[in-house]
Amino acid sequence: MADQLLDQVRELAEGQIDFEGQKLAELLATAVLATVGAISFIVGFFLQDIKLSLYIGLGGTAFSLLLIVPPWPFFNRHPVKWLPLAGTETKSQGILVDGKVVG
Amino acid sequence: MHSSIVRIQNVFGFFTTVAFVVAALIAASDLIAPRTPSANVAVKDVQVVRGRPHYYSSKKEEYAVIKFSLSADLSSLFTWNTKQIFVYVSASWPNSTSTELTNEAVIWDTIITNPSADHLQNIGPVAMKKLIRSAKGKSVDPSRGKIELKNQKAKYQITAPTGKVAETDNVVLKVHYNVQPWVGILTWTPQIEFGGWKKVKGGVSKVFKLPALKVKKEEKKA
């Protein structure tokens with residue numbers, strides 16, 4: 001029972017996501033952080049307030065961490081289609097070795 | 001990006017890059033802000049006295065005690081990136097042994113903080129509250145750059161390495177400032193007008209009018 005709980009926790013902590021999700025995560029990281037940086041500078045410059053720039057920057061980064069790091073479901077929308085395990089497949093052609101059908 | 005740890009590393013790495021670029025942009029934004037400081041300083045009273053450098057020194061040296069008036073407008077130095085401004089008044093006179101070198105000693109200084117850095121001032125709790133309240137709601141307060149001092153007593157009594165300052169000719173009081181930004185390089189009173197400092201003409205940084213090279217006659221106080 002504890003084993004199962006531990007497994008769940010480990011899966012959550014590892015946070016594996018599929019390949020399309022990884023591509024999305026990379027894109028999000030670049031886009032969100034670059035935007036946050038731009039906003040923090042522009043807002044701070046026009047309001048002439050550097051503390052505001054700092055808060056926007058740090059807040060935006062925290063938001064981006066929250067958005068990208070946990071393995072959200074939308075990162076797992078294209079799970080990898082693994083081939084069926086060997087052995088359970090019905091024998092079709094068999095394996096050809098030197099012209100002779102083996103196993 | 002296959003695991004949470006990798007994502008944390010990537011996001012944090014890019015965050016530091018973004019932070020660096022934004023800081024560089026903020027520091028660069030100082031270059032486009034014009035600086036037009038002006039100041040007027042005059043000597044009100046000066047004395048030369050004998051004193052010891054420390055309580056336990058055996059040798060007595062001559063010290064100049066200078067009282068001055070200062071009226072300065074450093075408000076253009078306050079931008080959103082200014083943390084504080086260090087203003088100092090120094091007395092300088094030519095060196096008798098060299099034509100290029102001058103003796104220069106600071107007689108008075110002060111730190112003027114921008115409201116965003118008020119909490120760093122080294123003052124008591126009552127004064128601190130008053131200071132913070134004086135700039136309520138403002139992130140930049142250029143009016144703090146206006147200094148009006150009448151008959152200000154010098155913070156420091158100055159002397160020369162020889163220990164003798166009495167009857168030194170051609171002494172002049174100079175006002176300097178050092179702008180300490182939140183991000184960026186430290187800048188002092190410019191010696192040359194920095195063309196790149198302002199894109200458009202008008203960012204002339206006048207140091208200020210020297211109180212016409214005064215020849216000070218200092219009497220030895222008996």
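**Helices, a chain contact and two positive phi angles**

Thank you all; I will begin with residues 27-47 of chain A, whose end C-alpha atoms lie 30 Å apart and which are 100% helix and 0% strand, where helices (H or I, at least four residues) and strands (E, at least two) are DSSP runs numbered from the N terminus. I should say at once that this is a predicted model, in which local features need pLDDT of at least 70 and side-chain atom pairs count only at pLDDT 80 or more, while totals for chains, interfaces and linings use all residues. Residues are numbered from 1 along each chain as its sequence is written, chains are lettered from A and ligands numbered from 1 in the order in which they are written, and side-chain values use heavy atoms, with hydrogens and water left out.

The reason for picking that stretch is a record: an unreviewed UniProt entry places the feature "transmembrane region" at residues 27-47 and 54-75 of chain A, with positions in the numbering used here, feature names shortened, and annotations that may be inferred rather than shown by experiment. The span 54-75 of chain A is 68% helix and 0% strand, and its end C-alpha atoms lie 30 Å apart. For chain B, UniProt lists residues 12-33 under that feature name, also from an unreviewed entry, and there the end C-alpha atoms lie 32 Å apart, with 82% helix and 0% strand.

Let me step back to chain A as a whole, which has 3 helices and 2 strands, running α-α-α-β-β from the N terminus on. Of its 103 residues, 22% are buried, where buried means under 20% relative accessible area, exposed means over 50%, and partly exposed lies in between, using a 1.4 Å probe and protein chains only. Its accessible surface comes to about 7,900 Å², of which 68% belongs to carbon and sulfur atoms; such areas come from the Shrake-Rupley method with a 1.4 Å probe, and for residues only the protein chains shown count as cover.

Now to helix H2 of chain A, residues 19-47. How far should its 29 residues span at 1.5 Å a residue? The expected value is 42 Å, and the end C-alpha atoms are 42 Å apart, which agrees; the expected span is taken as 1.5 Å times one less than the number of residues. At the N-terminal end, Asp18(A) caps the helix, with a side-chain oxygen 3.1 Å from the backbone nitrogen of Glu20(A). The buried residues of H2(A) include Ala29(A), Val32(A), Leu33(A), Val36(A) and Phe41(A). What do the buried residues of H2(A) pack against? They pack against helix H3 (50-68) of chain A together with helix H1 (4-29) of chain B.

One residue of H2(A) worth finding on the screen is Leu28(A). Leaving aside neighbours within four places in sequence, Leu28(A) is in contact, meaning heavy atoms within 4.5 Å, with Leu33(A), Leu67(A), Ile68(A), Phe74(A) and Phe75(A).

Turning to the two chains together, 32 residues of chain A are in contact with 23 residues of chain B. They bury about 2,200 Å² between them, 73% of it on carbon and sulfur atoms, where buried area is the accessible area (1.4 Å probe) that two parts lose on being put together, summed over both. On the chain A side, Phe41(A), Gln48(A) and Ile50(A) lose the most area to chain B, together 27% of what that side buries. From chain B, Ser3(B), in the segment before H1, touches Glu14(A) and Gly15(A), not counting residues up to four places away in sequence, and Ser3(B) is buried, with a relative accessible area of 12%.

Deeper into the sequence of chain B, Ile112(B) is placed in strand S4, residues 102-113. Ile112(B) is buried, with a relative accessible area of 10%, and among its contacts beyond four places in sequence are Phe78(B), Val87(B) and Ile147(B).

I will finish with backbone angles. Most residues other than glycine have a negative phi. Gln48(A), in the loop between H2 and H3 of chain A, instead has a positive phi near 50°, and Gln48(A) is partly exposed, with a relative accessible area of 28%. Asn151(B), in strand S5 (residues 146-153) of chain B, has a positive phi of about 55° although it is not a glycine, and Asn151(B) is partly exposed at 43% relative accessible area.

Note on methods. A polar contact is a pair of N or O atoms within 3.5 Å; within protein, one must be able to donate a hydrogen and the other to accept it, and residues adjacent in sequence count only if both atoms are side-chain atoms.
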